[in-house]
Amino acid sequence: MAKLSDFRVRVEDALANEEVRGNFRKAMDGLMSRRLDQFPDEAELERLRTQAMAIRSNSLDNLPDLLEKLETNLTKNGIQVHWAETVEEANQHVLAIMNKHNAKSMIKGKSMVSEEMGLNHFMEELGIECLESDLGEFIIQLDGEMPSHIIMPAIHKNKRQIAKLFQEKFPDIPYTEDVDELTQTARKILREKFFNAPVGLSGVNFAVAETGTLCLVENEGNGRMSTTVPPVHIAVTGIEKVVEKLSDVPPLMSILTRSATAQPITTYVNMISSPRKEGEMDGPKEVHLVLLDNGRSNIYSDPELLATLRCIRCGACINHCPVYVRVGGHSYGTVYPGPIGTVLEPQKDGLKAHGELAQASSLCGACGEVCPVRIPLPSLINRLRYEGVRQDQSSTKDSGSRRKTAEALTWKGWSFAAQHPLIYNTGASAAASFRKLMPSKMGAWTRVRTAPPIAAKTLHQQLKAKGIDNE
Amino acid sequence: MSKARNNIINRLRTTKPEPCHFSERDHLSRFNWDKEERINRFVERMVAVRAEIIHASKDDWAEKIAEICQEKRLKNMLVSPETAQGKVLYNMVDQLPDLQSYDHEIEDWKSEMFNQTDAGFTTTLGGIAETGSLILWPTKHEPRLMSLVPPVHIALLDTNQLYTTFSEVVKEQGWVDKGMPTNALLVSGPSKSADIEQTLAYGVHGPKELVVVLIS
Ligand code: SF4
């Protein structure tokens, strides 16, 4: 039997883990029904999605100009801009800033781009501590795990598991499964870290070109802490996050938070336009923005795949995905899981590494229906399946690399037969006549299923017997 | 100019995506709420996220704040002596906890701020009815951490400054023309998290309690 890929091994493990499956099911069911409550008027929701798509499309249409404008305005405001083509380069930018300040640690607000950069790992190798301060990120960091969801990183754990983890890591604090008490423990530990951290790092939800403003949404206040208390703030983000106007932000933000966590707005919307000015009493004295490409400009060159870059990272496609809810976030083995990960990761890191994800979809269409910026996720997944085995129209890395000669030949033969009735009918009758000879085990598919028997007569023969003949 | 920058911009410039023709981009405020409706919506949203709402008038808001301080047994509170509202509070110190002003850089008194400050009082630039949000533009008199580090945040909101949506605020208050401040904030409730099993817990990193004094 062929060796299972790493992805399939992880999927099988995940499917066998009932506790984790239960955690995901419960969370996703809640998220789906609460999101629906946020959009009681369906026609209105469709209008808002069109508006949000239009805003993001406009940003992408003018991306190079807007990035230049963003840089000009940020620089004018005193925010230093750094460009990185690769994650290595982005990490080096952050490192240079750390070194300049002799900083040996940083406190982090939530940032998926920093996960993409593998920033924590990179810094820790160099003896620099990166402490996650978002409660969910803090929990999984304690356990040495990756986020299993882009919005709710610790969603795979239940409170009993978290209570046990806290007991193991902080033996002095009495065991509790009370969510409030667990939260207060984290608050106490992290306050001290905010207090001492020389550098704070955060992501960005929207970067406004018109005013040179970085917008961050969050509920806990750790984002505000990370961007206000330490003397240096470093923001990292992808080049696609820019929007043209400040007036683009309110509608996008509103559909973002409602799609993500079913909140009309997050507790904090934090808009940063400059470092501490003369006479101001707090805020970082230096603010940096690292703009990361990492394959995005390549995605940009394909008129269909370009839609991927509209994503505002709300996670709704993940919450509604019937595959994700069963296999969980870690099975994907990528930074971004679920439908958006399935579309983004192979384009970022190549089809050889992650092209298999496109197979892990039933193409049910739920993701495309809920996406607030109308990214046609199912079509893009289909496109990547095609790219995996064909090289003809692609700019995606490693296109054609998933092509298997036997499979390709089989399909070629099939398509030839389907176009030649004589061959097709002879083949079909032969299959029916010799059906007893069909082996009961036929590869991976029959490992956990019984193969259906071939009928004694072909469909054509059965119809003919009924007097229906279309030939 | 950095090499990375030029490479990225040049790569992007080789493509010209189909321009989008959606006029929907500017489709704006969808509601037609009068003042009373705005107040009701605002209060409803705030209460839903466990903020406390205190109704007051132009003449008695300061006394209401004194009552809140007593009720919460606050020992001290950060108040700016420079704002008009702060001046009112400094004129009645005998009814209030120890008032402190945030008039030196955070580095000089970080430990007191983090460990000994009970509450922060701030003014606001208005509120948003749709989402139940306060608009804050911190200044050197009312700095950024005043509404973040102390466990209780008390904010004053004039109902005449209650807008319908965030879009409306950006437009009517002329944010772009005025120029954005170092930090602009929307605050919609006390700090919270649902990261543990989707169960809401309040007071994660920011204030555990938010009190909004509404002046009608
Ligand atoms: S693809 Fe759409 S639904 Fe998925 S995270 Fe991005 S914006 Fe949200």
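Trainee: If buried means under 20% relative accessible area, exposed over 50% and partly exposed in between (1.4 Å probe, protein chains only), what percentage of the 471 residues in chain A is buried?

Mentor: Buried residues make up 56% of chain A. This is a predicted model, in which local features need pLDDT of at least 70 and side-chain atom pairs count only at pLDDT 80 or more, while totals for chains, interfaces and linings use all residues. Residues are numbered from 1 along each chain as its sequence is written, chains are lettered from A and ligands numbered from 1 in the order in which they are written, and side-chain values use heavy atoms, with hydrogens and water left out.

Trainee: OK, and how many helices and strands does chain A have?

Mentor: Chain A has 22 helices and ten strands, where helices (H or I, at least four residues) and strands (E, at least two) are DSSP runs numbered from the N terminus. Its C-alpha trace spans about 95 × 55 × 50 Å along the principal axes.

Trainee: Which domains is chain A divided into?

Mentor: Domain 1 takes in 39–139 + 183–294, and domain 2 covers 405–465, with bounds that come from an automatic or database domain assignment. Taken over C-alpha atoms, the centres of these two domains of chain A are separated by 56 Å.

Trainee: Switching to sheets, what is the strand order in the open sheet of eight strands?

Mentor: The order is 8(A)-5(A)-6(A)-9(A)-9(B)-6(B)-5(B)-8(B), with mixed pairing, and two strands count as paired if DSSP finds at least two bridges between them. At the edges are strand 8 (242–243) of chain A and strand 8 (162–163) of chain B, each of which pairs on one side only. Strand 5 (residues 206–208) of chain A runs parallel to strand 8 of chain A and is joined to it by two bridges, with Ala207(A) having Val242(A) as its bridge partner.

Trainee: And over in chain B, why is strand 12 called largely enclosed?

Mentor: Six of the seven residues of strand 12 (residues 209–215) of chain B are buried, so the rest of the structure largely encloses it. Strand 1 (residues 52–56) of chain B runs parallel to strand 12 and is joined to it by five bridges, and Ile54(B) stands opposite Val213(B) there. Strand 7 (residues 152–158) of chain B is also parallel to strand 12, with seven bridges between them.

Trainee: What about charges, how many salt bridges are there over all chains?

Mentor: The count is 30 over all chains, where a salt bridge is a side-chain nitrogen of Lys or Arg within 4 Å of a carboxyl oxygen of Asp or Glu. One of them joins the side chains of Asp302(A) and Arg383(A), at 2.7 Å from N to O. Asp302(A) lies in the loop between helix 13 (296–300) and helix 14 (316–319) of chain A, and Arg383(A) in helix 19 (residues 377–389) of chain A, so the pair ties together parts that are 81 residues apart in sequence.

Trainee: Are those two buried or exposed?

Mentor: Asp302(A) is buried at 7% relative accessibility, and Arg383(A) is buried with a relative accessible area of 7%.

Trainee: Last one: how many disulfides does the structure hold?

Mentor: It holds zero over all chains, a disulfide being a pair of cysteine sulfur atoms within 2.5 Å. The sulfur of Cys321(A) has its closest cysteine sulfur in Cys364(A), 6.6 Å away, which is too far for a bond. Cys321(A) is itself buried, with a relative accessible area of 12%.
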